[in-house]
Amino acid sequence: MNPERRFLVAAVAAILLASPLWGASEDAPIVVRFGPPRSPVPMIYETPPPIAFSVPRYALSATERETVAACLVLEAANQGDFGMRSVMAVIRNRARNQPELFAPTVLRAKQFSAFNKLTAGRETLAHAIARAKRDAMWPAAITIVGDALGDEWQDPTDGATHYTRTGERTPWTRTLAKTGTIGGNAFYP
């Protein structure tokens, strides 16, 4: 508000407050102040006590857990436990360490080649999970998903959000620096 308008508003307010209708006497002086009112006594504000609370950790549903485990098995079961942990690290990094985003991350179209039929609508999630459950690495995959929910999770990929097979040359990896190779996969930030 410009200074002229501010003065006009303050003057009108002072006149109204000083009028007999508002309970002021006719000989009371009109005082117009700009800014917050000053208190003759310094105000002492006490800091309220801290409030302690905790937010419960998100718990994956059985379907979410099986969806992520199926992705691990179908992407890297042939690379053993460490290879599946590496894929889980990529999922976790893409989901910004938020478990509620693990399943949506693996179900995004063209993100994990093992789910391309699923995300294209040519396969159901139940069928993909059933295929993964037949693999001998299924129990290990379920364990890895559980481990990824904990605070003690160690990322073997050094923060990677992408990976390809080691010998594969793709246009999108040409500009990325490799963070490492684990099993048959090369990892990228």
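1. In this predicted model, R96 is found in the loop that links α3 to α4. Its relative accessibility is 57%, and R96 therefore counts as exposed, the cut-off being over 50%. The C-alpha atom of R96 is separated by 9.8 Å from that of T161, although 65 residues along the chain lie between the two positions as a sequence separation.

2. A second loop residue may be read alongside R96. S113 belongs to the loop between α4 and α5, the latter spanning 116-119. With a relative accessibility of 54%, S113 also counts as exposed, because the threshold is over 50%. Its C-alpha atom and that of C71 are 9.2 Å apart, for a separation of 42 residues along the chain.

3. As to overall content, the chain holds seven helices and three strands. Their order along the sequence is α-α-α-α-α-α-α-β-β-β. The chain has 189 residues, of which 33% are buried. Among contacts with a separation of 6 or more, 58% are made by residues 24 or more positions apart.

4. The three strands form an open sheet in the order β1-β3-β2, and their pairing is antiparallel. β1 (162-165) and β2 (180-182) occupy the edges and have a single partner strand each, so one side of each is left without a neighbour in the sheet. From one strand to the next, the twist averages 30°.

5. How many bridges join β1 to β3? There are four, and the two strands run antiparallel. Within this part of the sheet, Y163 stands opposite F187 of β3.

6. On the other side of the sheet order, β2 pairs with β3 (residues 185-188) in the antiparallel sense, over three bridges. G180 has F187 of β3 as its bridge partner, while I182 is bridged to N185 of β3. β2 and β3 constitute a hairpin with two residues between them. In the turn, G183 has a positive phi of about 60°.

7. The side chains of β3 deserve a separate remark. In a regular strand, side chains alternate between the two faces of the sheet. Here N185 and F187 point one way from β3, whereas A186 and Y188 point the other way. All four of these residues are buried.

8. The sheet is accompanied by a helix. α3 (residues 80-94) lies across β1, β2 and β3. Relative to β1, α3 runs at about 145°.

9. α3 also packs against α2. The angle between α2 and α3 is about 125°, and their axes are 9 Å apart. The two helices are therefore oblique to each other. The crossing in which α2 passes α3 is right-handed. On the α2 side, the contact is made by V68, C71, L72, V73, E75 and A76; on the α3 side, by G80, G83, M84, V87, M88 and I91.

10. A further packing partner of α3 is α7. Here the angle is about 40° and the axes are 10 Å apart, which makes α3 oblique to α7. This crossing, too, is right-handed. D81, M84, R85, M88 and R92 of α3 meet A140, A141, I144, V145, D147 and A148 of α7. M84 and M88 thus appear in the contacts of α3 with α2 and with α7.

11. Which residues touch the most other members of the largest nonpolar core? They are L72, M84, M88, I91 and F102, in a core of 36 residues. At least two residues of this core are supplied by each of α2 (62-76), α3, α4 (102-106), α6 (125-133) and α7 (138-148). α2 provides the largest share, seven residues. In soluble globular proteins, nonpolar side chains tend to be buried together.

12. I91 illustrates the surroundings of one such core residue. Leaving aside residues up to four places away in sequence, I91 touches V68, C71, L72, F102, T105, V106 and F112. Of these, V68, C71 and L72 belong to the α2 side of the contact between α2 and α3, to which I91 contributes from α3. L72 and F102 are also among the residues that touch the most other members of the core.

Terms used. Residues are numbered from 1 along each chain as its sequence is written. This is a predicted model: local features need pLDDT of at least 70, side-chain atom pairs count only at pLDDT 80 or more; totals for chains, interfaces and linings use all residues. Side-chain values use heavy atoms; hydrogens and water are left out. Two strands pair if DSSP finds at least two bridges between them. Axes are lines fitted to C-alpha atoms, for helices over the stretch in contact, and angles run from 0 to 180 degrees between N-to-C directions. Contact means heavy atoms within 4.5 Å. A nonpolar core is a set of buried Ala, Val, Leu, Ile, Met, Phe, Trp, Tyr and Cys residues joined through side-chain atoms within 4.5 Å. Buried means under 20% relative accessible area, exposed over 50%, partly exposed in between (1.4 Å probe, protein chains only). Angles under 35 degrees count as roughly parallel, over 145 as roughly antiparallel, 65 to 115 as roughly perpendicular and the rest as oblique. A crossing is left-handed if the near helix is turned anticlockwise from the far one by less than a right angle, and right-handed if clockwise.
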